[in-house]
Amino acid sequence: MSEYCDLAPGHPLHGPYHDSEYGFPIRGESDLFERLALEINQAGLSWLTVLKKREGFKRAFDGFDVDRVAAYDDDDRARLLADADIIRHRLKIEAVIHNARVIQAMRESHGGFQAWLDAHHPREHVDWVKLFKRHFRFTGPEIVKEFLMSAGYLAGAHRDDCPVQARVLAAAPPWTR
């Protein structure tokens, strides 16, 4: 996404995300879950739309606490579908809830979401897509690519001449190993 390195600097929302989050390794379960949920919700929309609604997502999805979201029921689904502070798309909301349950199961099978990602790294993009489709909902090729790039599992978040790239490399994302 080399054009992001040109678009983001100086922008009030893109800038901070590009400069301090995009491509840097993500380690915490709720942070990984948040990023996956945001990437799912970006599908068909602009990343700026998602960034504008990010705080609304955090509030609506209980800070992306996996256990709380995994326990959501029909009342929670109705609440989310009525919440103008998020993207009100039934399939995306269902996917986030389902994916929280998948991440819960990964604690038992692998020790958590990060450990699951690490256990399957490295892979080619096409193989990641197949793996994600076996486990998660609403995870097509672009969503998987952006999630993995943004979390440091695939290269390509920044151009080599982007000043942020040196900081990303110093953080030793998984794709560098």
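Helix 3 and helix 7 are roughly antiparallel to each other in this predicted model, because their axes cross at roughly 150° and angles over 145 count as roughly antiparallel. Helix 3 covers residues 29–42 and helix 7 covers residues 90–110, and their axes come within 10 Å. The crossing of these two helices is right-handed. On the helix 3 side, the residues in contact are Glu-29, Phe-33, Leu-36, Ala-37, Ile-40, Asn-41 and Gln-42. They meet Lys-92, Ala-95, Val-96, Asn-99, Ala-100, Ile-103 and Arg-107 of helix 7. By type, this contact has eight nonpolar, three polar and three charged residues.

Helix 3 also packs against helix 4, which spans residues 47–60. The axes of helix 3 and helix 4 come within 10 Å and cross at roughly 135°. That angle makes helix 3 oblique to helix 4. Helix 3 passes helix 4 in a right-handed crossing. Here Glu-34, Arg-35, Leu-38, Glu-39, Asn-41 and Gln-42 of helix 3 meet Trp-47, Val-50, Arg-54, Phe-57 and Lys-58 of helix 4. The residues of this contact divide into four nonpolar, two polar and five charged. Asn-41 and Gln-42 take part in the contact with helix 7 and also in the one with helix 4.

Further along the chain, helix 8 (residues 113–120) and helix 9 (residues 125–135) form another pair, with axes that come within 12 Å and cross at roughly 145°. This crossing is right-handed. Trp-116, Leu-117 and His-120 of helix 8 meet Trp-128, Leu-131, Phe-132 and His-135 of helix 9. Five of the residues in this contact are nonpolar and two are polar, with no charged residue.

The helices described so far also contribute to a shared interior. The largest nonpolar core has 50 residues, and those with the most contacts inside it are Phe-61, Phe-113, Leu-117, Phe-132, Phe-136 and Leu-148. Two or more residues each come from helix 3, helix 4, helix 5 (66–70), helix 7, helix 8, helix 9 and helix 10 (141–150). Helix 7 gives the largest share, eight residues.

Phe-113 shows how separate parts of the chain come together. Leaving aside residues up to four places away in sequence, Phe-113 touches Leu-32, Phe-33, Leu-36, Ile-103, Met-106, Phe-136 and Phe-147. Among these partners, Phe-33, Leu-36 and Ile-103 also belong to the contact of helix 3 with helix 7.

Apart from the largest core lies another one, of five residues. Cys-5, Phe-24, Val-164 and Val-168 are among them.

How values were computed
Residues are numbered from 1 along each chain as its sequence is written. This is a predicted model: local features need pLDDT of at least 70, side-chain atom pairs count only at pLDDT 80 or more; totals for chains, interfaces and linings use all residues. Side-chain values use heavy atoms; hydrogens and water are left out. Axes are lines fitted to C-alpha atoms, for helices over the stretch in contact, and angles run from 0 to 180 degrees between N-to-C directions. Helices (H or I, at least four residues) and strands (E, at least two) are DSSP runs, numbered from the N terminus. A crossing is left-handed if the near helix is turned anticlockwise from the far one by less than a right angle, and right-handed if clockwise. Contact means heavy atoms within 4.5 Å. Ala, Val, Leu, Ile, Met, Phe, Trp, Tyr, Cys and Pro count as nonpolar, Asp, Glu, Lys and Arg as charged, and the others, Gly among them, as polar. Angles under 35 degrees count as roughly parallel, over 145 as roughly antiparallel, 65 to 115 as roughly perpendicular and the rest as oblique. A nonpolar core is a set of buried Ala, Val, Leu, Ile, Met, Phe, Trp, Tyr and Cys residues joined through side-chain atoms within 4.5 Å. Buried means under 20% relative accessible area, exposed over 50%, partly exposed in between (1.4 Å probe, protein chains only).
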